[in-house]
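Here's a walk through a protein and the DNA it sits with, starting at the bases and working outwards. Have the viewer open as you read.

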Amino acid sequence: MRPLPKTFYARDTLTVAAELLGCELWVSRGRQVCAGRIVEAEAYIGEEDPACHAHRGQTNRNRVMYGAPGISYVYFTYGNHWMLNFVTEREGFPAAVLIRAVEPIEGIALMRRRRNVEHNYDLTSGPGKLTAAFEINGADSGLPLSGPRLTVVKSHGSGALPRILTSGRIGVNEGHERLWRFYLEDNPYVSKFRNGARSNSPRRYPAKRVSRA
DNA sequence: GAGAAGATCTCCT
DNA sequence: GGAGATCTTCTCA
């Protein structure tokens, strides 16, 4: 199982976000291993992006975002939830991909114990849910995505990937006109349209409107 | 130090 | 669909 190289992340964040769909995230806790296929992600790019943590410049909290590509950026929000991001682009430029949802493929029983929910589709269908299911927290921030604790690999599943759709980002107050949310069509683990997303008319990817302008 | 905001989730109606 | 929970981070005085 070969992790994605650093060069994968050291590219345009929108490209990375789209290409992460279908990839597998593996999280190890000693002998406990959980894994899921990434089905939904959002891009946050630079200080010009009003929804990005780096919008107001570098702080203690977002310092990891300014670091090298291919590392994790995990932060706490709403008093309850950890958010998992992958740092992208060049070192010194704050950009990241928020992992919003995954499809469980390994360690499902462990996730169910951690989440205490009835249905599998409730395990990881949201950014806060997936970090709870994978037991990801601030201790995982700044770690390489090439292992040993966090590993991202190309999917070794067979068959063609479903269509990739884009929409406005969820839960952000500004910058929602940018179609920087990417997800797999008809996947039950994609988080639903809600929480104030004001521009989530889905479009096929690649699309002309998916740009950084 | 105080107050406000926040890339969410879950429960209740 | 709405509101509360919960607490870290940041800004401002």
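## Reading strand B

Start with H81: one of its polar side-chain atoms sits 2.6 Å from a base oxygen of DNA strand B. Bear in mind that this is a predicted model, so every distance here is computed from predicted coordinates. N85 joins in through its side chain, where an N or O atom is 2.5 Å from a base nitrogen of DNA strand B. Y78 works from the backbone instead, with an N or O atom 3.1 Å from a base nitrogen of that strand. As for secondary structure, β3 (72-77), β4 (81-87), β5 (95-106) and α4 (127-134) are the elements that give two or more residues to the surface near DNA strand B.

Which residues come nearest to strand B? Out of 22 around it, the answer is Y75, H81, N85, R115 and G128. By class, this surface has nine nonpolar, nine polar and four charged residues. Looking from the DNA side, 54% of the strand B atoms within 4 Å of the protein belong to sugar or phosphate, and the rest belong to bases.

## Strand C and its neighbours

DNA strand C is surrounded by R56, T59, N60, R61, F76, Y78, G79 and N80. Sorted by class, that gives two nonpolar, four polar and two charged residues. Of the strand C atoms within 4 Å of the protein, 73% are sugar or phosphate atoms and the rest are base atoms.

Y78 turns up here too: a polar backbone atom of Y78 is 2.2 Å from a base oxygen of DNA strand C. N80 uses its side chain, with an N or O atom 3.1 Å from a base nitrogen of strand C. R61 goes for the backbone of the DNA, placing a backbone N or O atom of its own 3.2 Å from a phosphate oxygen.

## The overall fold

Now zoom out to the whole of chain A. The chain has four helices and nine strands, and from the N terminus they run α-α-β-β-β-β-β-α-α-β-β-β-β. Its radius of gyration is 16 Å, close to the 17 Å that the globule rule gives for 213 residues, so chain A is as compact as a globular protein of that length. Along the principal axes, the C-alpha atoms fill a box of roughly 45 × 35 × 35 Å. Buried residues account for 52% of the 213 in the chain.

## Helix α2 and strand β6

Why call helix α2 (residues 13-20) largely enclosed by the rest of the structure? Because six of its eight residues are buried, namely T13, L14, V16, A17, A18 and L20. D12 caps the N-terminal end of α2, with a side-chain oxygen 3.1 Å from the backbone nitrogen of L14. Just after the helix, G22 takes a positive phi of about 95°.

Strand β6 (residues 150-153) is covered on both faces. L150 and V152 are buried on one side, and T151 and V153 are buried on the other. β6 pairs with strand β1 (residues 24-29) in the antiparallel sense, over four bridges. If you want one pair to look for, E24 has V153 as its bridge partner in β6.

## Salt bridges

Side chains of opposite charge can pair when their charged atoms come close. The structure holds 12 salt bridges. D49 and R178 form one of them, at 3.4 Å from N to O. D49 lies in the loop between β2 (32-45) and β3, and R178 in the loop between β7 (164-167) and β8 (181-184), so the pair ties together parts that are 129 residues apart in sequence. Both D49 and R178 are buried.

The D140 and R149 side chains also meet in a salt bridge, at 3.2 Å from N to O. D140 is buried, with a relative accessible area of 0%, whereas R149 is partly exposed at 34%. E19, for its part, pairs with R11, and their closest N and O atoms are 2.8 Å apart. E19 is partly exposed at 32% relative accessible area, and R11 is partly exposed at 27%. Finally, E40, E42, R100 and R181 are linked in a network of salt bridges.

Methods: Residues are numbered from 1 along each chain as its sequence is written. Chains are lettered from A and ligands numbered from 1 in the order in which they are written. This is a predicted model: local features need pLDDT of at least 70, side-chain atom pairs count only at pLDDT 80 or more; totals for chains, interfaces and linings use all residues. Side-chain values use heavy atoms; hydrogens and water are left out. A residue is near a molecule or strand if one of its heavy atoms lies within 4 Å of it. A polar contact is a pair of N or O atoms within 3.5 Å; within protein, one must be able to donate a hydrogen and the other to accept it, and residues adjacent in sequence count only if both atoms are side-chain atoms. Ala, Val, Leu, Ile, Met, Phe, Trp, Tyr, Cys and Pro count as nonpolar, Asp, Glu, Lys and Arg as charged, and the others, Gly among them, as polar. A salt bridge is a side-chain nitrogen of Lys or Arg within 4 Å of a carboxyl oxygen of Asp or Glu. Buried means under 20% relative accessible area, exposed over 50%, partly exposed in between (1.4 Å probe, protein chains only). Two strands pair if DSSP finds at least two bridges between them. The radius of gyration is taken over C-alpha atoms; the globule rule is 2.2 Å times the number of residues to the power 0.38.
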